[in-house]
Amino acid sequence: MQICKTKDYDDMSRKAANIIAAQVTMKPDCVLGLATGSSPIGTYKELIARYNNGDLDFSKATSVNLDEYKGLPGDNDQSYRYFMNHNFFDHVNLPKERTFVPDGTEPDADKACDAYNQIIADVGGIDLQLLGLGHNGHIGFNEPADCFPPVTHCVDLTASTIDANKRFFDSEDDVPKQAYTMGIGNIMLARKIVVVVSGADKADILKKVVEGPITPEVPASILQLHPDVTIVADEAAAAKLS
(Lines give C-alpha, C1' and ligand atoms only; values in the text may rest on other atoms or scores of the structure.)
Protein backbone atom coordinates (compact mmCIF):
# COMPACT_ATOMS: atom_id res chain seq x y z
CA MET A 1 0.00 0.00 0.00
CA GLN A 2 1.39 3.38 -1.04
CA ILE A 3 0.36 6.62 0.67
CA CYS A 4 0.57 9.76 -1.44
CA LYS A 5 0.16 12.82 0.81
CA THR A 6 -0.94 15.98 -0.96
CA LYS A 7 -1.30 19.61 0.02
CA ASP A 8 -5.06 19.97 -0.43
CA TYR A 9 -8.11 18.68 -2.30
CA ASP A 10 -7.03 20.15 -5.64
CA ASP A 11 -3.59 18.62 -5.33
CA MET A 12 -5.16 15.30 -4.35
CA SER A 13 -7.37 15.46 -7.45
CA ARG A 14 -4.41 16.18 -9.73
CA LYS A 15 -2.35 13.33 -8.31
CA ALA A 16 -5.20 10.85 -8.64
CA ALA A 17 -5.88 12.02 -12.19
CA ASN A 18 -2.19 11.48 -12.99
CA ILE A 19 -2.50 7.80 -12.05
CA ILE A 20 -5.71 7.28 -14.02
CA ALA A 21 -4.36 9.17 -17.04
CA ALA A 22 -1.26 6.97 -17.03
CA GLN A 23 -3.48 3.88 -17.01
CA VAL A 24 -5.51 5.11 -19.98
CA THR A 25 -2.37 6.11 -21.87
CA MET A 26 -0.61 2.80 -21.28
CA LYS A 27 -3.70 0.70 -22.02
CA PRO A 28 -6.22 2.65 -24.13
CA ASP A 29 -8.77 -0.20 -23.95
CA CYS A 30 -8.59 -0.42 -20.16
CA VAL A 31 -11.54 -1.02 -17.84
CA LEU A 32 -11.95 1.73 -15.27
CA GLY A 33 -13.90 1.10 -12.09
CA LEU A 34 -15.43 4.43 -11.11
CA ALA A 35 -16.91 5.93 -7.97
CA THR A 36 -19.39 8.67 -7.11
CA GLY A 37 -19.53 11.11 -4.21
CA SER A 38 -17.82 14.41 -3.54
CA SER A 39 -14.29 13.02 -3.24
CA PRO A 40 -13.71 12.05 -6.91
CA ILE A 41 -15.41 15.08 -8.51
CA GLY A 42 -12.13 17.01 -8.67
CA THR A 43 -10.41 14.01 -10.22
CA TYR A 44 -13.06 13.84 -12.94
CA LYS A 45 -12.65 17.57 -13.61
CA GLU A 46 -8.90 17.05 -14.05
CA LEU A 47 -9.45 14.18 -16.46
CA ILE A 48 -11.98 16.23 -18.46
CA ALA A 49 -9.50 19.10 -18.72
CA ARG A 50 -6.82 16.76 -20.03
CA TYR A 51 -9.26 15.31 -22.56
CA ASN A 52 -10.17 18.83 -23.71
CA ASN A 53 -6.49 19.63 -24.10
CA GLY A 54 -6.04 16.61 -26.34
CA ASP A 55 -3.90 14.75 -23.81
CA LEU A 56 -6.32 11.87 -23.14
CA ASP A 57 -8.45 9.64 -25.34
CA PHE A 58 -11.15 7.49 -23.72
CA SER A 59 -12.61 6.18 -26.98
CA LYS A 60 -11.42 2.60 -26.43
CA ALA A 61 -11.98 2.45 -22.67
CA THR A 62 -14.81 0.86 -20.70
CA SER A 63 -16.15 1.80 -17.27
CA VAL A 64 -18.01 -0.05 -14.54
CA ASN A 65 -19.38 1.90 -11.61
CA LEU A 66 -19.34 0.71 -8.04
CA ASP A 67 -22.96 1.14 -7.12
CA GLU A 68 -26.44 2.52 -7.68
CA TYR A 69 -29.48 3.23 -5.53
CA LYS A 70 -32.18 0.59 -5.82
CA GLY A 71 -35.35 2.15 -7.19
CA LEU A 72 -33.86 5.18 -8.93
CA PRO A 73 -33.88 5.39 -12.75
CA GLY A 74 -30.85 6.80 -14.51
CA ASP A 75 -32.58 10.09 -15.32
CA ASN A 76 -33.27 10.82 -11.64
CA ASP A 77 -30.89 13.60 -10.64
CA GLN A 78 -29.90 11.71 -7.49
CA SER A 79 -29.06 8.46 -9.27
CA TYR A 80 -25.43 7.55 -9.73
CA ARG A 81 -25.92 7.12 -13.48
CA TYR A 82 -27.04 10.75 -13.60
CA PHE A 83 -24.09 11.77 -11.42
CA MET A 84 -21.59 10.06 -13.73
CA ASN A 85 -23.17 11.50 -16.88
CA HIS A 86 -23.17 15.01 -15.40
CA ASN A 87 -19.70 14.89 -13.86
CA PHE A 88 -17.77 12.84 -16.39
CA PHE A 89 -19.36 10.83 -19.20
CA ASP A 90 -21.03 13.78 -20.95
CA HIS A 91 -17.69 15.59 -21.20
CA VAL A 92 -15.32 12.96 -22.62
CA ASN A 93 -15.35 10.52 -25.53
CA LEU A 94 -15.91 7.39 -23.47
CA PRO A 95 -18.68 5.63 -25.46
CA LYS A 96 -21.88 5.62 -23.40
CA GLU A 97 -22.64 2.06 -24.46
CA ARG A 98 -19.46 1.00 -22.63
CA THR A 99 -20.29 2.79 -19.39
CA PHE A 100 -21.95 0.39 -16.97
CA VAL A 101 -23.84 1.14 -13.76
CA PRO A 102 -25.98 -1.34 -11.78
CA ASP A 103 -29.61 -1.24 -12.92
CA GLY A 104 -31.43 0.53 -10.10
CA THR A 105 -34.77 0.02 -11.86
CA GLU A 106 -34.54 -3.78 -11.63
CA PRO A 107 -36.70 -4.75 -8.62
CA ASP A 108 -35.36 -8.31 -8.48
CA ALA A 109 -32.16 -7.92 -6.48
CA ASP A 110 -30.74 -11.33 -7.42
CA LYS A 111 -31.33 -10.64 -11.11
CA ALA A 112 -29.78 -7.17 -10.96
CA CYS A 113 -26.71 -8.33 -9.05
CA ASP A 114 -26.11 -11.46 -11.14
CA ALA A 115 -26.36 -9.36 -14.30
CA TYR A 116 -23.79 -6.88 -13.01
CA ASN A 117 -21.36 -9.57 -11.92
CA GLN A 118 -21.64 -10.98 -15.45
CA ILE A 119 -20.93 -7.56 -16.97
CA ILE A 120 -17.74 -7.24 -14.91
CA ALA A 121 -16.67 -10.70 -16.05
CA ASP A 122 -17.56 -10.03 -19.69
CA VAL A 123 -15.44 -6.85 -19.87
CA GLY A 124 -12.44 -8.77 -18.55
CA GLY A 125 -12.30 -7.45 -15.01
CA ILE A 126 -11.21 -4.05 -13.76
CA ASP A 127 -7.79 -2.62 -14.56
CA LEU A 128 -8.01 0.35 -12.20
CA GLN A 129 -10.62 0.93 -9.52
CA LEU A 130 -11.16 4.44 -8.15
CA LEU A 131 -12.57 4.59 -4.62
CA GLY A 132 -13.65 7.14 -2.08
CA LEU A 133 -13.76 6.37 1.63
CA GLY A 134 -16.85 6.62 3.81
CA HIS A 135 -16.72 7.99 7.34
CA ASN A 136 -17.38 4.50 8.69
CA GLY A 137 -14.83 2.88 6.37
CA HIS A 138 -17.28 1.80 3.70
CA ILE A 139 -16.18 1.45 0.09
CA GLY A 140 -18.93 1.40 -2.46
CA PHE A 141 -21.93 0.63 -0.28
CA ASN A 142 -20.10 -2.13 1.57
CA GLU A 143 -21.00 -1.08 5.10
CA PRO A 144 -19.45 -2.32 8.35
CA ALA A 145 -20.58 -5.92 8.80
CA ASP A 146 -19.51 -9.30 10.14
CA CYS A 147 -18.05 -10.47 6.82
CA PHE A 148 -16.63 -9.15 3.54
CA PRO A 149 -19.26 -9.56 0.77
CA PRO A 150 -17.63 -11.23 -2.23
CA VAL A 151 -19.73 -10.05 -5.18
CA THR A 152 -22.35 -7.51 -6.24
CA HIS A 153 -25.23 -7.55 -3.79
CA CYS A 154 -28.17 -5.55 -2.47
CA VAL A 155 -27.52 -3.72 0.79
CA ASP A 156 -29.70 -2.07 3.37
CA LEU A 157 -28.10 1.32 3.90
CA THR A 158 -27.10 2.20 7.45
CA ALA A 159 -28.68 5.06 9.33
CA SER A 160 -25.42 7.03 9.10
CA THR A 161 -25.26 6.65 5.32
CA ILE A 162 -28.92 7.60 4.92
CA ASP A 163 -28.31 10.60 7.17
CA ALA A 164 -25.27 11.62 5.11
CA ASN A 165 -27.29 11.39 1.88
CA LYS A 166 -30.48 13.12 3.00
CA ARG A 167 -29.11 16.57 2.14
CA PHE A 168 -29.44 15.60 -1.52
CA PHE A 169 -33.16 14.84 -1.30
CA ASP A 170 -36.28 16.87 -0.55
CA SER A 171 -36.91 14.86 2.60
CA GLU A 172 -35.40 11.93 4.47
CA ASP A 173 -38.35 9.81 3.36
CA ASP A 174 -37.17 10.19 -0.24
CA VAL A 175 -33.70 8.80 0.46
CA PRO A 176 -33.36 5.27 -0.93
CA LYS A 177 -32.95 2.69 1.81
CA GLN A 178 -31.23 0.09 -0.38
CA ALA A 179 -28.54 0.01 -3.04
CA TYR A 180 -26.84 -2.38 -5.41
CA THR A 181 -23.08 -2.40 -4.93
CA MET A 182 -20.03 -4.29 -6.07
CA GLY A 183 -18.78 -6.61 -3.36
CA ILE A 184 -15.42 -6.43 -1.63
CA GLY A 185 -14.36 -9.39 -3.76
CA ASN A 186 -15.14 -7.50 -7.00
CA ILE A 187 -13.08 -4.55 -5.76
CA MET A 188 -10.15 -6.67 -4.59
CA LEU A 189 -9.93 -8.35 -8.01
CA ALA A 190 -9.14 -4.99 -9.63
CA ARG A 191 -5.56 -4.98 -10.83
CA LYS A 192 -4.88 -1.54 -9.37
CA ILE A 193 -6.79 0.53 -6.80
CA VAL A 194 -6.66 4.29 -6.17
CA VAL A 195 -8.39 5.75 -3.10
CA VAL A 196 -8.99 9.50 -2.78
CA VAL A 197 -9.46 10.85 0.75
CA SER A 198 -9.90 14.49 1.72
CA GLY A 199 -10.66 16.45 4.87
CA ALA A 200 -9.99 16.33 8.60
CA ASP A 201 -13.25 14.46 9.14
CA LYS A 202 -11.68 11.44 7.38
CA ALA A 203 -8.47 11.39 9.46
CA ASP A 204 -9.67 8.94 12.12
CA ILE A 205 -11.10 6.42 9.69
CA LEU A 206 -8.11 6.62 7.35
CA LYS A 207 -5.82 5.75 10.26
CA LYS A 208 -7.99 2.71 11.02
CA VAL A 209 -7.97 1.66 7.36
CA VAL A 210 -4.20 1.92 6.99
CA GLU A 211 -2.87 1.05 10.44
CA GLY A 212 -5.66 -0.84 12.18
CA PRO A 213 -6.61 -4.51 12.07
CA ILE A 214 -8.18 -5.98 8.95
CA THR A 215 -11.82 -6.37 9.86
CA PRO A 216 -15.18 -6.21 8.08
CA GLU A 217 -16.16 -3.67 10.75
CA VAL A 218 -13.87 -1.34 8.76
CA PRO A 219 -14.51 -2.60 5.21
CA ALA A 220 -11.70 -0.62 3.54
CA SER A 221 -9.13 -2.22 5.88
CA ILE A 222 -9.13 -5.20 3.49
CA LEU A 223 -7.20 -3.00 1.06
CA GLN A 224 -4.09 -3.69 3.16
CA LEU A 225 -4.03 -7.09 1.47
CA HIS A 226 -4.18 -5.81 -2.12
CA PRO A 227 -0.87 -5.84 -4.01
CA ASP A 228 -1.31 -2.46 -5.75
CA VAL A 229 -3.16 0.19 -3.77
CA THR A 230 -2.38 3.91 -3.76
CA ILE A 231 -4.14 6.10 -1.22
CA VAL A 232 -4.07 9.75 -2.27
CA ALA A 233 -4.89 11.84 0.79
CA ASP A 234 -4.64 15.53 1.51
CA GLU A 235 -2.81 16.84 4.57
CA ALA A 236 -5.94 17.05 6.68
CA ALA A 237 -7.04 13.48 5.98
CA ALA A 238 -3.51 12.10 6.48
CA ALA A 239 -2.82 14.07 9.66
CA LYS A 240 -3.15 11.11 12.04
CA LEU A 241 -1.15 8.57 10.06
CA SER A 242 2.06 7.44 11.73
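Hi everyone, let me start in strand E8, where Thr181 is the bridge partner of Asp67. Before I go on, please keep in mind that this is a predicted model. Thr181 in E8 has another partner too, since His153 is also bridged to Thr181.

Now let's look at the strands behind those two contacts. Strand E4, residues 67-69, pairs with E8 in the antiparallel sense, and three bridges hold that pairing. Strand E7, residues 153-156, also runs antiparallel to E8, joined to E8 by four bridges.

From E8, let's step back into the loop that leads there. Between helix H5 (159-165) and strand E8 (178-181) there is a loop, and Asp173 is found in that loop. Is Asp173 buried or exposed? Asp173 is exposed, with a relative accessible area of 70%. Asp173 also has company of like charge: together with Asp77, Asp170 and Asp174, Asp173 forms a negative surface patch.

Next, the salt bridges. Side chains of opposite charge can pair when their charged atoms come close. How many salt bridges does a search of the whole structure find? The count is 12.

Let me pick a few of them, beginning with Asp127 and Arg191. Their closest N and O atoms are 3.0 Å apart in the salt bridge. What does this pair tie together? Asp127 lies in the loop between helix H4 (109-122) and strand E6 (128-131), while Arg191 lies in the loop between helix H6 (184-188) and strand E9 (192-197), so the pair links parts that are 64 residues apart in sequence. For those of you who like accessibility numbers, Asp127 is buried, at a relative accessible area of 6%. Arg191 is partly exposed, at 44%.

My other example is Lys166, and I like this one for its two partners. With Asp163, Lys166 forms a salt bridge whose closest N and O atoms are 2.9 Å apart. With Glu172, Lys166 forms a salt bridge in which the closest N and O atoms are 3.9 Å apart. That value is still inside the 4 Å limit for a salt bridge, so the Glu172 contact counts. How accessible are these residues? Lys166 is partly exposed at 34% relative accessibility. Asp163 is partly exposed at 42%, and Glu172 is partly exposed at 42%. Elsewhere, Asp11, Arg14 and Lys15 are joined into one network by salt bridges that share partners.

That's my tour, and I'm happy to take questions. Thanks for listening!

Key
Residues numbered from 1 in each chain as written. Predicted model: local features only at pLDDT ≥ 70, side-chain atom pairs only at ≥ 80, totals over all residues. Heavy atoms only, no water. Patch = residues over 30% accessible without salt bridge, like charges linked within 9 Å, V, L, I, M, F, W, Y side chains within 5 Å. Areas by Shrake-Rupley, 256 points an atom, 1.4 Å probe, with all protein chains shown as cover. Salt bridge = Lys/Arg side-chain N within 4 Å of Asp/Glu carboxyl O. Lys, Arg positive; Asp, Glu negative; His and termini not counted. Charge placed at Lys NZ, Arg CZ, Asp CG, Glu CD. Helix = DSSP H or I, 4+ residues; strand = E, 2+ residues; numbered from the N terminus. Buried < 20%, exposed > 50% of the residue type's maximum accessible area, 1.4 Å probe, protein only. Pairing = 2+ DSSP bridges.
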